[in-house]
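This text leads through one structure, from a pair of neighbouring strands to a cavity. Have the sequence and the model at hand while reading.

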Amino acid sequence: MFFHSSYNSMRDLCNGLKDKGYIQSDRVYKALINVDRVDFAPMGPYEDRPQPINYNVTISAPHMHAYCLELLKDHLKPNGKALDVGFGSGYLTVAMSKMMEDKGTVVGIEHIEQLNNFAKENISKHHKNLLDENKIILQCGDGRKGYEKFKPYNCIHVGAASEERPQTLIDQLDLGGRLVVPVGKPNEGQYIYIFDKDQNGKVTERKELSVRYVPLTDVDIQLSGNY
Ligand code: SAH
C-alpha cells in the first residue's frame with residue numbers, strides 16, 4: 001500500500017520524491033521545485049497525495065506528476081510543442097513548460113470552464129508571463145479529441161483515464177513523439193500506457209504502472225459524480 005508522506009515545503013517534497021525514486025533526473029527536480037504547489041492545491045500542498053479541486057476531480061499526487069515528467073522528459077525540450085489533456089489545476093502544464101525552459105509551447109485542454117479559470121488564476125500567481133507570451137495556451141473543450149489546431153505534438157500527457165486506446169491523440173503525435181496516458185475503465189484496472197511513434201510513424205505501446213485516475217468523460221457525467 002502507498003504511504004502518504006507529508007512535507008513542509010517544495011524542497012522537502014522534491015527531496016522526498018527523489019529519495020523514493022520518483023524524481024530521477026535533475027531536470028525533473030528543477031522543474032518541480034520551481035512550481036510551488038501552494039499556488040495550485042488549496043489544501044495540503046506538500047502532501048504526497050491527490051487533493052480535491054472541486055467538480056469531482058483532484059490535482060494528481062506529486063509522485064504521479066514526477067513519474068509522468070520522467071517518462072516525458074526526452075520529449076520536453078526547448079522550442080518543442082506539448083499537449084496536456086485535462087489540465088485541472090494547471091500544475092503539470094506549468095511544470096511541462098519549465099521542462100522546456102520556458103521556450104516551448106504547452107497547449108492545455110480541459111472541459112470544465114471553471115477549472116479553466118481556476119488554472120489561469122493559479123498560473124498567474126507566479127508564472128503569468130507564460131500565459132502572456134503564449135508559452136502556455138489554455139483551451140476549454142473535450143480533450144478526447146486532442147487539439148487539432150496546434151498538432152503535431154512532441155508529446156501528450158493525459159491527466160484522466162481513457163476507456164479505450166486513444167487513437168485520436170495518437171494521431172496528433174509528431175514523428176518521434178510520445179503519449180503518456182492512463183487507460184482503463186473506472187471499475188476495472190487502469191494502467192499508465194506509453195505510446196511511442198517512431199520516425200516512420202510506426203506506433204508501439206507499453207503498459208506501465210497500475211493507477212487510479214478519474215475518467216476522461218462527458219461534462220454532465222463528471223458533474224453528476226456517477227462515474
Ligand atoms: N493534471 C491535472 C489532473 C486533474 S484531474 C492536475 O494534476 O491538476 C483530471 C482532469 O481531467 C479534470 O480536471 C477533469 O475535469 C478533466 N477531464 C475529464 N474528462 C475530460 C474531457 N473529456 N476533456 C477534457 N478534460 C477532461
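The model shown here is predicted. A convenient place to start is strand E4, which pairs with strand E5 (residues 136–140) in the parallel sense, over 5 bridges. One of the matched positions can be picked out by residue: isoleucine 109 has glutamine 139 in E5 as its bridge partner. Between these two strands the chain passes through helix H5 (residues 113–132), and this β-α-β crossover from E4 to E5 is right-handed.

Strand E4 also has a partner in strand E3 (residues 81–85). These two strands pair in the parallel sense as well, with 5 bridges between them. Here aspartate 84 stands opposite glycine 108 of E4. The connection from E3 to E4 runs through helix H4 (residues 91–99), and it is a right-handed β-α-β crossover.

How enclosed is strand E4 by the rest of the structure? Buried residues are those with under 20% relative accessible area. By that cut-off, 5 of the 6 residues of E4 (residues 105–110) are buried, so the strand is largely enclosed by the rest of the structure.

Helix H4, the connection between E3 and E4, is itself mostly covered, with 8 of its 9 residues buried. The buried set consists of Tyr91, Leu92, Thr93, Val94, Ala95, Met96, Ser97 and Met99. Just after this helix comes glutamate 101, where phi is positive, at about 55°.

Tyr91 of H4 leads on to another feature, since the residue is both buried and part of the lining of the largest cavity. How many cavities of 30 Å³ or more does the structure hold? There is 1 of that volume or more, and the largest cavity contains about 40 Å³ of space.

Which residues form the lining of this cavity? Besides Tyr91, the lining includes Met10, Leu13, Cys14 and Leu17, together with Leu32, Arg37, Pro62 and His65. Helix H1 (10–19) gives the largest share, 4 residues. Helix H1 and helix H3 (62–72) each contribute at least two residues to the lining. An α-helix has 3.6 residues a turn, so residues three or four places apart point the same way.

By type, the lining of the largest cavity comprises 7 nonpolar residues, 1 polar residue and 1 charged residue. Arg37 is among the residues that line this cavity, and arginine counts as charged.

Terms used:
Residues are numbered from 1 along each chain as its sequence is written. This is a predicted model: local features need pLDDT of at least 70, side-chain atom pairs count only at pLDDT 80 or more; totals for chains, interfaces and linings use all residues. Side-chain values use heavy atoms; hydrogens and water are left out. Buried means under 20% relative accessible area, exposed over 50%, partly exposed in between (1.4 Å probe, protein chains only). Two strands pair if DSSP finds at least two bridges between them. A crossover is right-handed if, with the strands pointing away from the viewer, the path from the first strand over the helix to the second runs clockwise. On a 1 Å grid over the protein atoms alone, a cavity is a set of points where a 1.4 Å probe fits but cannot get out, and a pocket is an open set with protein on both sides within 12 Å along at least five of seven lines; lining residues have an atom within 4 Å of a point. Grid points are joined across faces, edges and corners, and a volume is the space filled by probe spheres set on the points.
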